[in-house]
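Open the model in your viewer and keep the selection tool ready. The tour below moves from stop to stop.

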Amino acid sequence: MGALPVFRWRLAPDGYATRRQLRARGLRPGGQDVAAQLERPRRRRPPLVAYLYRVDLAKPVRPMTPARWAALAAANRARRTCPECQRDAGYVIPAALGMCVTCAYPESSDSPRSA
């Protein structure tokens, strides 16, 4: 494939869309190659680049099956489960802590808050 057409930010012709724009329309790239790119210039830094796909070649988003819903629920449950105490924290465990806040800071949860 040759060089991609490059368009300035917000000046792409009709018929092209980013992945996010395709998804908003209920579409996906469907295996097609990148058709063009957008460039947004920035001062003293390289430009921001967004890849564009042809809307006429896009395919509909595949529907979620019961098995995919179950897998997604299991993945989200795993992200909320503390590896230390094995409890559902009720929120996604921060990667920086690696455990729920109660396990990461046990001394602060035992004492009442000071004013």
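The stops that follow cover a pocket, a strand residue, two charged pairs and a surface patch. Keep in mind that this is a predicted model.

**Pocket.** Select Trp-9, Arg-10, Ala-12, Pro-13, Asp-14, Tyr-16, Gln-21, Arg-25, Leu-38 and Leu-52. These residues line the largest pocket. Its volume is about 150 Å³. Color the lining by class: six residues are nonpolar, one is polar and three are charged.

**Strand E5.** Go to residues 45-54, which make up strand E5, and pick Val-49 there. Val-49 has a relative accessible area of 39%, so it is partly exposed. Now add Glu-39, ten residues away along the chain. The C-alpha atoms of Val-49 and Glu-39 are 4.7 Å apart.

**Salt bridges.** How many salt bridges does the structure hold? There are two. Show the side chains of Arg-54 and Asp-56 for one of them, with an N to O distance of 2.7 Å. Arg-54 is partly exposed at 34% relative accessibility, whereas Asp-56 is exposed at 55%.

Next, select Asp-88 and Arg-80. Their side chains form a salt bridge at 3.3 Å, N to O. Asp-88 is partly exposed, with 46% relative accessible area. Arg-80 is also partly exposed, at 25%.

**Surface patch.** Finish with Met-64, Trp-69 and Leu-72, and turn on the surface. Together they form a nonpolar patch with about 300 Å² of accessible area. Leu-72 belongs to helix H2, residues 66-80. Its relative accessibility is 39%, so Leu-72 counts as partly exposed.

Key
Residues are numbered from 1 along each chain as its sequence is written. This is a predicted model: local features need pLDDT of at least 70, side-chain atom pairs count only at pLDDT 80 or more; totals for chains, interfaces and linings use all residues. Side-chain values use heavy atoms; hydrogens and water are left out. Patches are made of residues with over 30% relative accessible area and no salt bridge: like charges are joined within 9 Å, nonpolar side chains (Val, Leu, Ile, Met, Phe, Trp, Tyr) within 5 Å. Accessible areas come from the Shrake-Rupley method with a 1.4 Å probe; for residues, only the protein chains shown count as cover. A salt bridge is a side-chain nitrogen of Lys or Arg within 4 Å of a carboxyl oxygen of Asp or Glu. Helices (H or I, at least four residues) and strands (E, at least two) are DSSP runs, numbered from the N terminus. Buried means under 20% relative accessible area, exposed over 50%, partly exposed in between (1.4 Å probe, protein chains only). On a 1 Å grid over the protein atoms alone, a cavity is a set of points where a 1.4 Å probe fits but cannot get out, and a pocket is an open set with protein on both sides within 12 Å along at least five of seven lines; lining residues have an atom within 4 Å of a point. Grid points are joined across faces, edges and corners, and a volume is the space filled by probe spheres set on the points. Ala, Val, Leu, Ile, Met, Phe, Trp, Tyr, Cys and Pro count as nonpolar, Asp, Glu, Lys and Arg as charged, and the others, Gly among them, as polar.
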